[in-house]
Amino acid sequence: ATPLLRASCRGLQVSFDPASGRGGLAVGEEGFEVQIPLLPPVVDGKAVREWAAADQAGAVHAVGGAEVQLTLERVSDAAVALELRSTLHEGASQRSFELFIADGHSFYGGGERFNAVDQRGIRLPMSSTDEPGNKQTATYKPVPFMLSGAGYGIWVDSFAQGVFDLMSGPHIEHALDVRSIGAHQRAGALDSGRRLAARASRLDEERARVQASALNGRSSGRRAANGGVQGLSLKYSEQVLRVVF
């Protein structure tokens, strides 16, 4: 069997299985009470599920032409880094990397934000925008850091623009779409509004259940109401994506 990659620091262990492309976070001061899956990394829009055994430098290389390597590194007593690095020739175009952490807990951070304190269920752009008026998720001071309710933090070591997508279900735009409609359109608009309100209510109920489970210390990586996995998706276009836990 292909051996696992592991790196540990105080209260946290990060692992990666080259045979499946999956990994995990184990969080807790006294033993690891919370287990959080890492889904296979996505490179240029394709999930990479097969990796070769680690080389002498401790890196695993994708099998099947993705031309990317993954490493785990203990960078201090309190931090572990996971790095995805393109192995294409120098000067090649940037790669699209996505790392999905199946954590259904609350998330706090992202820099100066005006939309909410708990960012779970929100798609946060990591880019600086001078937006007058109602800023919603826009910010002039983005910080690529999130603190999970599970008890660990995530820092993307990059100055590049990216996205922290903390979606827990189908996305519903919070901005109002104001349109002028005729009398013959009103009945259909009212029906659509009722369906949207019912959908939002179901998502609120699911969110409340997940938050209650998080407070009870249960494991994460739950299924959302729409059948998808809840969690945090980090999306960047870079030659290197370095995520520090």
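Two strands are said to pair if DSSP finds at least two bridges between them. In this predicted model, strand β7 and strand β8 (residues 68-76) are joined by two bridges and run antiparallel. Both strands belong to an open sheet of seven strands with antiparallel pairing. This briefing covers that sheet, the salt bridges and a nonpolar patch on the surface.

**The seven-stranded sheet**

- The strands of the open sheet follow the order β7-β8-β9-β17-β14-β13-β11.
- The edges are formed by β7 (60-61) and β11 (107-111), each of which has a single partner strand, so one side of each is left without a neighbour in the sheet.
- Where β7 meets β8, His61 stands opposite Gln69.
- Strands β8 and β9 pair in the antiparallel sense over eight bridges, and a hairpin of two residues joins them.
- Within this pairing, Ser76 has Ala79 of β9 as its bridge partner.
- On the way to the next strand in the order, β9 and β17 pair over five bridges, again in the antiparallel sense.
- Here the bridge partner of Leu84 is Leu241 in β17.
- Seven of the eight residues of β9 are buried, so this strand is largely enclosed by the rest of the structure.

**Salt bridges**

- Side chains of opposite charge can pair when their charged atoms come close.
- The model contains six salt bridges, counted with a cut-off of 4 Å between a side-chain nitrogen of Lys or Arg and a carboxyl oxygen of Asp or Glu.
- One of them links Glu83 and Arg242, whose closest N and O atoms are 3.2 Å apart.
- Because Glu83 lies in strand β9 (residues 79-86) and Arg242 in strand β17 (residues 240-244), this pair ties together parts that are 159 residues apart in sequence.
- Glu83 has a relative accessibility of 11%, which is under the 20% limit, and therefore counts as buried.
- The residues Glu83 and Arg242 also belong to a network of salt bridges that includes Glu73 and Arg85.
- Another salt bridge brings together the side chains of Lys235 and Asp165, at 3.3 Å from N to O.
- Lys235 lies in strand β16 (residues 232-238) and Asp165 in strand β15 (residues 162-165), so the pair connects parts that are 70 residues apart in sequence.
- The two partners have unlike surroundings: Lys235 is partly exposed, with a relative accessible area of 28%, whereas Asp165 is buried, at 11%.
- A further salt bridge is formed by Asp77 and Arg74, with the closest N and O atoms 2.9 Å apart.
- In that pair, Arg74 is partly exposed, with a relative accessible area of 46%.

**A nonpolar patch on the surface**

- Tyr108, Val117, Val143, Phe145, Leu147 and Trp155 make a nonpolar surface patch of about 520 Å².
- Strand β13 (residues 142-148) supplies the largest share of this patch, namely three residues.
- Leu147, one of the patch residues, lies in strand β13.
- A residue is partly exposed when its relative accessible area falls between the 20% and 50% limits, so Leu147, at 40%, belongs to this class.
- Strand β13 is also a member of the seven-stranded sheet, where its place in the order is between β14 and β11.

Terms used
Residues numbered from 1 in each chain as written. Predicted model: local features only at pLDDT ≥ 70, side-chain atom pairs only at ≥ 80, totals over all residues. Heavy atoms only, no water. Patch = residues over 30% accessible without salt bridge, like charges linked within 9 Å, V, L, I, M, F, W, Y side chains within 5 Å. Areas by Shrake-Rupley, 256 points an atom, 1.4 Å probe, with all protein chains shown as cover. Helix = DSSP H or I, 4+ residues; strand = E, 2+ residues; numbered from the N terminus. Buried < 20%, exposed > 50% of the residue type's maximum accessible area, 1.4 Å probe, protein only.
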